[in-house]
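Visitor: Could you take me through one part of this model close up, and then show me how the rest fits around it? I'd like the pairing of the strands first.

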Amino acid sequence: MKAQIWSSVVSLVLIEGKGLLPMDDNGLSDPYCKFRLGNEKYKSKVAAKTLNPRWLEQFDLHMYDDQTSVLEISVWDKDVGSKDDFMGRCQVDLSELKREETHHIEKELEDGAGSVSFLLTITGSAGNETITDLANYMPDPRERLEVQRRFSLLRSLRNLNDVGLLQVKVIKATGLLAADFGGKSDPFCVLELTNARLQTQTIYKTLNPEWGKVFTFQVKDIHSILEVSCYDEDRNKSAEFLGKVAIPLLRIKNGERKAFFLKDKKLRRRTKGSIVLEMEVIYNSIKASWRTFNPKEVKYLQMEQKFKRQVLVRNLQRVSRLVMAVVNTGRFVKSCFEWESKTRSITAFIMYVLMVWNFELYMLPLVLLSIFFKYYIVRSVMEGRTDQQEVRTDEEAEEEEQDEDEDDEERGKVRREKSKSFKEKLQAIQDVCQTVQNGLDEVASLGESVKNAFNWTVPFLSWLAVITLAIATVVLYFIPLRYLVLVWGINKFTKKLRNPNAIPNNELLDFLSRVPSDEELIEYKELKSEETQQLSPKKKKTS
């Protein structure tokens, strides 16, 4: 039987370097980083021709009880045909860092050779004596009362970035994918909330691990997504992916122990197994609302978007649906002018005359409010039908993914037969297509976010928009527009003077960035038992 011989996992996300030394004749360098913890070593990729590299790589190192707890970091310049040049080093004493918490560290290199920035978490501890072990966890009523008082409405103006607290109990997983010989796996679980990353210990030789861990995350944005992934540990290779689930914080039901069916890496298709979680999130609604109109925290590690023909076609279809909605609206207005329906044209003419004659600026947010309440009523009536539509969307997405995988295999065979020069031309064409694909995705996502804000996909955001529009209506009714524009301009001009580190932002776009697009809704959709039976069998493509 295998056993976990390491005491903890050091999860390190290398972000960037700043102000490194120029080592080449052109005044630049080709820097990369080396990490050493005990006898374990890792090396990052090379960032070409820069003094401010941005690596964005993740590494897992292991701590042992009988070895040093000092992490050594060194920066080198890559030289072709000669020995690499040493640029600088620094050390981090891991014994001084708090466990089961993600630390953002910016470390200066020795002798002023620049600095490196990274995220570091000591996690994955094994044994019943650890603070994350569920067997030792005893709810403290006083501690809970203090947390509720900390995020109460009376303390809404204290530390606006401290929005809430998330507690996740990782109970067990069942029916996982067999990744090793003998039909077993060595599974462990990783939990990610934006840039915070924690993980359980490894349970060896089983498909039904029982971890029994409890983790706590600081919530900076209530619209964040908790990603829970299961991996198979391979000591001589990188961990093998077993399954994943994405859970929006606003969908969590406090204290409910629930089994979540796992999906693939793209969160599109069903994979084997499920994981049992119990979660609780406590947050301040006013802080969460204020945070919604501020820039979203950037996630450093994201899945790289590659060019896929099916993804490009899907994005074109998404944009075309938005364009058709605008075209249909234009046709409706045109039909009113051409008197295709006398009743419709007479009604539109009377409303137009009344609105223009009595128009005031405060009526604009009132019109938007009426649209919100219209869709609120429609959503209440059509709730059952939307669920069926989402299931069909999932099935269509699975078919597209299967076609996409088959097309990738065919293209791979073709590419291996082509010359190198043709591959370079093909890569250049793919780069252009990828740019078009990503641009279409951004346009479609923005339009879908506007639609989903109005149709109450996320009730918290829709109610926030309704309250904001109601306040705007009252303000516009009592305060002249010139005063509002004056206050807005003074705030924009003096923002950088009042806070030099402030990030320029657009409050409307920041709000829409929290509203999920249709593609994200598919990723976040929780699979039910009857849906897994529909999605799990792969459909064979007939020629």
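Guide: Start at Arg-36, which stands opposite Glu-72 in E5. This is a predicted model, so take that pairing as a computed one. The two strands involved are E2 (residues 31-37) and E5 (residues 70-77), which run antiparallel and are joined by six bridges. Zoom out a little and you'll find E2 and E5 in the middle of an open sheet of four strands, ordered E3-E2-E5-E6, with antiparallel pairing. Strand E3 (40-43) and strand E6 (85-93) each have a single partner strand, so one side of each edge has no neighbour in the sheet. On average, and ignoring direction, neighbouring strands here are turned by 15 degrees against each other. As a reminder of what holds such things together, strands of a sheet pair through backbone hydrogen bonds, either parallel or antiparallel.

Now slide over to Met-63, which sits in strand E4 (residues 54-63). Met-63 has 7% relative accessibility, so it counts as buried, the cut-off being under 20%. What does Met-63 contact, once neighbours within four places in sequence are left aside? The list is Trp-6, Ser-7, Ser-8, Val-10, Leu-37, Ser-69, Leu-94, Arg-99 and Ile-122. Leu-37 in that list takes you back to E2, whose residues are 31-37. Ser-7 is worth a second look too: it is 56 residues from Met-63 along the chain, yet their C-alpha atoms are separated by 5.7 Å.

Next, strand E9 (residues 164-174), where nine of the 11 residues are buried. E9 has antiparallel pairings with two strands we can name. With strand E12 (residues 210-219) there are eight bridges, and Lys-169 stands opposite Val-214 in E12. With strand E16 (residues 270-283) there are 10 bridges, and Thr-174 has Ser-274 in E16 as its bridge partner.

E9 also leads you to the largest nonpolar core. That core has 45 residues, and Leu-166, Leu-226 and Ile-275 touch the most other members. Helix H8 (residues 459-478) gives the largest share of this core, six residues. Apart from it lies another core, of 26 residues, including Leu-20, Val-75, Ile-105 and Leu-120. Nonpolar side chains tend to be buried together in soluble globular proteins. Leu-166 itself, leaving aside neighbours within four places in sequence, is in contact with Leu-193, Phe-215, Thr-216, Phe-217, Val-219, Leu-226, Leu-249, Ile-252, Glu-280 and Val-281.

One more stop is helix H10 (residues 507-514), where Asp-510, Phe-511, Leu-512 and Arg-514 are buried. The N-terminal end of H10 is capped by Asn-506, with a side-chain oxygen 3.0 Å from the backbone nitrogen of Leu-508.

And the protein as a whole? Its secondary structure comes to 12 helices and 16 strands. Of its 543 residues, 42% are buried. Among contacts with a separation of 6 or more, 69% are between residues 24 or more positions apart. The exposed area is about 32000 Å², with carbon and sulfur atoms supplying 57% of it.

Conventions:
Residues are numbered from 1 along each chain as its sequence is written. This is a predicted model: local features need pLDDT of at least 70, side-chain atom pairs count only at pLDDT 80 or more; totals for chains, interfaces and linings use all residues. Side-chain values use heavy atoms; hydrogens and water are left out. A nonpolar core is a set of buried Ala, Val, Leu, Ile, Met, Phe, Trp, Tyr and Cys residues joined through side-chain atoms within 4.5 Å. Buried means under 20% relative accessible area, exposed over 50%, partly exposed in between (1.4 Å probe, protein chains only). Contact means heavy atoms within 4.5 Å. Two strands pair if DSSP finds at least two bridges between them. Axes are lines fitted to C-alpha atoms, for helices over the stretch in contact, and angles run from 0 to 180 degrees between N-to-C directions. Accessible areas come from the Shrake-Rupley method with a 1.4 Å probe; for residues, only the protein chains shown count as cover. A polar contact is a pair of N or O atoms within 3.5 Å; within protein, one must be able to donate a hydrogen and the other to accept it, and residues adjacent in sequence count only if both atoms are side-chain atoms.
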